[in-house]
Amino acid sequence: MISKKDLNSLYEWAKVANFPLRNERITSKYMGYGLKICYIKGGVNLIQYPNKELSEPVIHIIENTDILGVYFLSYPPNMIAPPHRDYNPHRQPYRRIQIPTKVEDGYIEWIATGEKVYWEEGKPEIFNVLEEHQGANNSNTTMEFLYVDIKLDTVVECV
């Protein structure tokens with residue numbers, strides 16, 4: 001289970017942390033825009049990457065076995081993500097909690113239903129990113145998120 005308190009703690013930490021971002025090669029190559037990423041926990045072996053920005057309370061949250069991956073991402077200004085399905089690094093179905101830490105004007109839209117969600121800073125959203133979707137950052141500033149990948153059956157409180 002992921003509690004509302006856990007999500008709020010992750011947001012409060014991520015919005016002020018100074019992440020060592022690097023170019024994310026797959027997205028840049030296939031999607032046509034330069035995404036920056038910091039891997040915090042991920043991969044088949046659930047590796048936790050060393051990062052001086054991790055505090056004990058944050059480590060305790062991300063060690064939860066329901067959490068498959070944690071990443072901080074920075075999307076470029078005026079970016080359009082064409083229809084796609086996200087890469088699955090976990091070798092199992094999963095859902096993604098997306099916590100916007102910096103956003104002015106951005107959205108995600110599901111192709112099959114046409115449902116469009118406009119991001120609100122600090123408001124977590126949970127999606128199956130293996131379904132086809134598209135999105136955009138319509139502002140002149142970067143758009144930043146903490147992504148938390150969770151097992152498909154994980155209970156998330158109050159989202």
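Me: Let us start in the fold's interior. Where does Ile 150 lie?
Reply: Ile 150 lies in strand β11. The model here is predicted, and local features are read where pLDDT is at least 70.

Me: How do I read burial? Is Ile 150 buried or exposed?
Reply: Look at relative accessible area. Under 20% counts as buried, and over 50% as exposed. Ile 150 comes out at 0%, so it is buried.

Me: Which residues does Ile 150 touch beyond its sequence neighbours?
Reply: Leave out residues up to four places away in sequence, and the contacts of Ile 150 are Ile 2, Asp 66, Ile 67, Leu 68, Tyr 94, Arg 95, Ile 97 and Val 156. C-alpha distances give another view. Ile 150 and Ile 126 are 24 residues apart in sequence, with 9.6 Å between their C-alpha atoms.

Me: Now Val 129. Where does that residue sit?
Reply: Val 129 is in the loop between β9 (125-127) and β10 (133-137). Being in a loop does not settle exposure here: Val 129 has 0% relative accessibility and counts as buried.

Me: What does Val 129 touch?
Reply: Beyond four places in sequence, Val 129 contacts Arg 85, Asp 86, Tyr 94, Arg 96, Gln 98 and Trp 110. Take Arg 85 from that list. Arg 85 and Val 129 are 44 residues apart along the chain, yet their C-alpha atoms are separated by 6.2 Å.

Me: Asp 86 and Arg 96 are both on that list. What joins their side chains?
Reply: A salt bridge, with N to O at 2.7 Å. The cut-off is 4 Å, so this pair qualifies. Asp 86 sits in the loop between β5 (79-84) and β6 (94-102), and Arg 96 in strand β6, so the bridge ties together parts 10 residues apart in sequence.

Me: Which other residue forms a salt bridge with Arg 96?
Reply: Asp 149. The closest N and O atoms of Asp 149 and Arg 96 are 2.6 Å apart. Here the link spans distant parts of the chain: Asp 149 is in strand β11 (residues 143-151), Arg 96 in strand β6, and 53 residues separate them.

Me: How should I read the two bridges together? Which residues make up the network?
Reply: Asp 86, Arg 96 and Asp 149 form a network of salt bridges. Check burial for each member. Asp 86 has a relative accessible area of 19% and is buried. That value passes because the cut-off is under 20%. Arg 96 is buried at 7%. Asp 149 is buried at 0%.

Me: How many salt bridges are there in total?
Reply: The count is 4. One of them pairs Glu 125 with Lys 123, closest N and O atoms 3.5 Å apart. The partners fall in separate burial classes. Glu 125 is buried at 15%, while Lys 123 is partly exposed at 37%.

Me: On to empty space. What does a probe show?
Reply: A probe the size of a water molecule, rolled over the atoms, shows where empty space is left. In this model, the largest pocket holds about 870 Å³.

Me: Which residues lie nearest the centre of the largest pocket?
Reply: Glu 24, Thr 27, Asp 86, Tyr 87 and Arg 96, out of 39 lining residues. Two of these names are familiar: Asp 86 and Arg 96 also belong to the salt-bridge network.

Me: Which element supplies the largest share of that lining?
Reply: α2, with 5 residues. Other elements that each give at least two include β2 (36-42), β4 (67-75), β7 (106-110) and β11.

Me: Stay with helix α2. Which residues form a nonpolar patch on the surface?
Reply: Ile 26, Tyr 30 and Tyr 87, with about 400 Å² of accessible area together. Ile 26 lies in helix α2 (residues 25-31). Ile 26 is partly exposed, at 44% relative accessible area.

Me: Last, the backbone. What sign of phi do most residues have?
Reply: Most residues other than glycine have a negative phi. Asn 78 departs from that, with phi near 50°. Asn 78 is placed in the loop between β4 and β5. Arg 91 also has a positive phi, of about 60°. Arg 91 is in the loop between β5 and β6, and it is exposed at 72%.

Methods:
Residues numbered from 1 in each chain as written. Predicted model: local features only at pLDDT ≥ 70, side-chain atom pairs only at ≥ 80, totals over all residues. Heavy atoms only, no water. Helix = DSSP H or I, 4+ residues; strand = E, 2+ residues; numbered from the N terminus. Buried < 20%, exposed > 50% of the residue type's maximum accessible area, 1.4 Å probe, protein only. Patch = residues over 30% accessible without salt bridge, like charges linked within 9 Å, V, L, I, M, F, W, Y side chains within 5 Å. Areas by Shrake-Rupley, 256 points an atom, 1.4 Å probe, with all protein chains shown as cover. Contact = heavy atoms within 4.5 Å. 1 Å grid on protein atoms, 1.4 Å probe; cavity = no way out; pocket = protein on both sides within 12 Å on 5 of 7 lines; lining within 4 Å. Points joined across faces, edges and corners; volume = space filled by probe spheres on them.
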